[in-house]
Amino acid sequence: MMLALQIGGGFIVIAALLQAGAGAIAQVAGALRKRSMDQQRLAFFKKQTDILINRAEADRQRNVLTWSGKRKFRVIKRQLENRVGDICSFYLAPHDGGSLPPFLPGQFLTFELSIPDQPRPVVRCYSLSGSPEDRDFYRISVRRQGPPPSAGPDVPGGLSSNFFHNNIKEGDVIDVMAPNGKFHLDVHSDRPVALIGGGVGLTPVLSMLKWLADTNSHREAWFFYAVRNGEDVACIDEIRETINNNSNFHLVVLYSEPAENDVSEKNCDCQGYLSVDVMKNYLGTSNYEFYICGPPPMMDAVTTSLKEWGVPEDDIHFEAFGPASVKKTAPAGAAESAPGDGEAKTVSFARSNKSAPWNEAAETLLDLAEECGVQIASGCRAGNCGTCATAVKEGKVTYVTPPTSQPAKGTALLCIACPDGDIVLDA
Ligand SMILES: Cc1cc2nc3c(=O)[nH]c(=O)nc-3n(C[C@H](O)[C@H](O)[C@H](O)COP(=O)(O)OP(=O)(O)OC[C@H]3O[C@@H](n4cnc5c(N)ncnc54)[C@H](O)[C@@H]3O)c2cc1C
Ligand code: FES
């Protein structure tokens, strides 16, 4: 009996000890769990703070380090980016050895090239295709532009792109204007993005993808890249590596004219043109910020269908690489001085001694000038680069879209301007 009591008491003591021990263990485990959660919260908070600090510092550097006018850059590397060899990247370092402003992903550089036999410098824009986090150099990727398929034998290929491909070597020094442009990723947003590049329109969206990767962004990113086939596809190893290193990134490659081996080797995810129906299959929902750059037919189709899908206009961002020097030929009626009819607005080009009635079909004063055979240098044709700034001697303009930066007093950016009444331009 005593023995049983003793044994029973022992059990009770042991059970009590075990219970107390379990309680203590649970307390310690709870404390450890809480500490680990606190540490995780702290790490997350620190990461978010670091991101905000880095962004604020990048904003500051962008303002402090930018330059006005031209700056000399040395070509430090050239690299062909596709099998067909019509896209070549140029890596550019500042010749003065100074620091570079971090551009916004999607922006472009404007180049002023001295091309032999051209009466004046040729100005063209090229999107930055590298990461804004690369602070020692900029990268652009230029597609060699041949004559249009329908053109006669006398029509030359593109001036600037062929000059880049044929003439610009490593070690050469060229004039470059500071990064600019409104087509850039919203770097303060945390929303999912769909980045869409068609052909060489890949360049600005590739820069966006690289920035997201280099800043360890948690944003969900889909990269849709549409090209003809495996001969044309550019920078594909770089794109795949970036996507594979980030579990929140996804890639969809579309070939419109895949070769036999493209199909057998499964080089693309889809065949055919990029459409919003294709995107719907992957995205499921339209709750993305869309950034699109590609040939005009693709952009027209995609932007229209995105709106039909219910995507708000504010979430659809796009840029077209318009041809810069395709001049409209002067119509037979572009008289030396075609008078306005009183009600109509008359545009006069004082130095060329030409004038023409304003017609809405011209869309901008630059278009009208070209229709009349009046030479005006242009670059971006989007109000960004300032190349087409022309003095307004009399009258006023209205802008179709607001200029990126205000032109000098008394001048107007003709590529985005319409006359507000009769006008006399110093051209
Ligand atoms: C913001 C922006 C960013 C850009 N980013 C890039 C980029 O990243 N990569 C890129 O490759 N491009 C880019 N571009 C396009 C680039 O700026 C040039 O427009 C492109 O390289 C063509 O310029 P080019 O001087 O070679 O051709 P141009 O000399 O301007 O000629 C354009 C076309 O017209 C044809 N042509 C010339 N004369 C005639 C004629 N008399 N009759 C009929 N046709 C004629 C040419 O053969 C050519 O096909 C961008 C453009 C903009 C506005
Ligand atoms: S051509 Fe660039 S601002 Fe007009």
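Which strands does helix H3 (residues 202-214) lie across? In this predicted model, H3 lies across strand E7 (193-198), strand E8 (221-227), E9 and strand E11 (289-293). Those strands belong to an open, parallel sheet of six, and the notes below walk you through that sheet, the helices lying across it and one buried serine.

**Domains**
- The chain is divided into four parts: domain 1 (7-64), domain 2 (70-145 + 159-180), domain 3 (193-319) and domain 4 (346-425).
- Taken over C-alpha atoms, the centres of domain 1 and domain 2 are separated by 50 Å.

**The sheet**
- If you trace the sheet from one side to the other, the strand order reads E10-E9-E8-E7-E11-E12, with parallel pairing.
- Strand E10 (270-271) and strand E12 (316-319) stand at the edges; each has a single partner strand, so one side of each is left without a neighbour in the sheet.
- E10 is joined to strand E9 (residues 249-255) by two bridges, and the two strands run parallel.
- To find this pairing on screen, look for Tyr255, whose bridge partner in E10 is Gln271.

**Helix H3 and Ser207**
- The direction of H3 makes an angle of about 145° with E7.
- Ser207 is one of the residues in this helix.
- With a relative accessible area of 0%, Ser207 is buried, because the cut-off for that label is under 20%.
- Its side chain reaches the backbone oxygen of Gly130 at 2.7 Å.
- Beyond its neighbours within four places in sequence, Ser207 is in contact with Phe103, Pro105, Gly106, Leu128, Ser129, Gly130 and Pro132.
- Gly130 therefore appears twice in the surroundings of Ser207: as the residue whose backbone oxygen the side chain reaches, and in the list of contacts, where a contact means heavy atoms within 4.5 Å.

**Helix H4**
- Helix H4 (residues 236-244) lies across E8 and E9, and runs at about 150° to E9.
- Which residues of H4 are buried? They are Ile236, Glu238, Ile239, Thr242 and Ile243.
- Viewed down the axis of H4, these buried residues fall within an arc of 160°, so they line one face of the helix.
- The cover over the buried residues of H4 includes strand E5 (138-143), H3, E8 and E9.
- Turn to the other side of H4 and you will find Asp237, Glu241 and Asn244, which are exposed.

Conventions:
Residues are numbered from 1 along each chain as its sequence is written. Chains are lettered from A and ligands numbered from 1 in the order in which they are written. This is a predicted model: local features need pLDDT of at least 70, side-chain atom pairs count only at pLDDT 80 or more; totals for chains, interfaces and linings use all residues. Side-chain values use heavy atoms; hydrogens and water are left out. Two strands pair if DSSP finds at least two bridges between them. Helices (H or I, at least four residues) and strands (E, at least two) are DSSP runs, numbered from the N terminus. Axes are lines fitted to C-alpha atoms, for helices over the stretch in contact, and angles run from 0 to 180 degrees between N-to-C directions. Buried means under 20% relative accessible area, exposed over 50%, partly exposed in between (1.4 Å probe, protein chains only). The arc is that of the directions from the helix axis to the C-beta atoms. A polar contact is a pair of N or O atoms within 3.5 Å; within protein, one must be able to donate a hydrogen and the other to accept it, and residues adjacent in sequence count only if both atoms are side-chain atoms. Domain bounds come from an automatic or database domain assignment.
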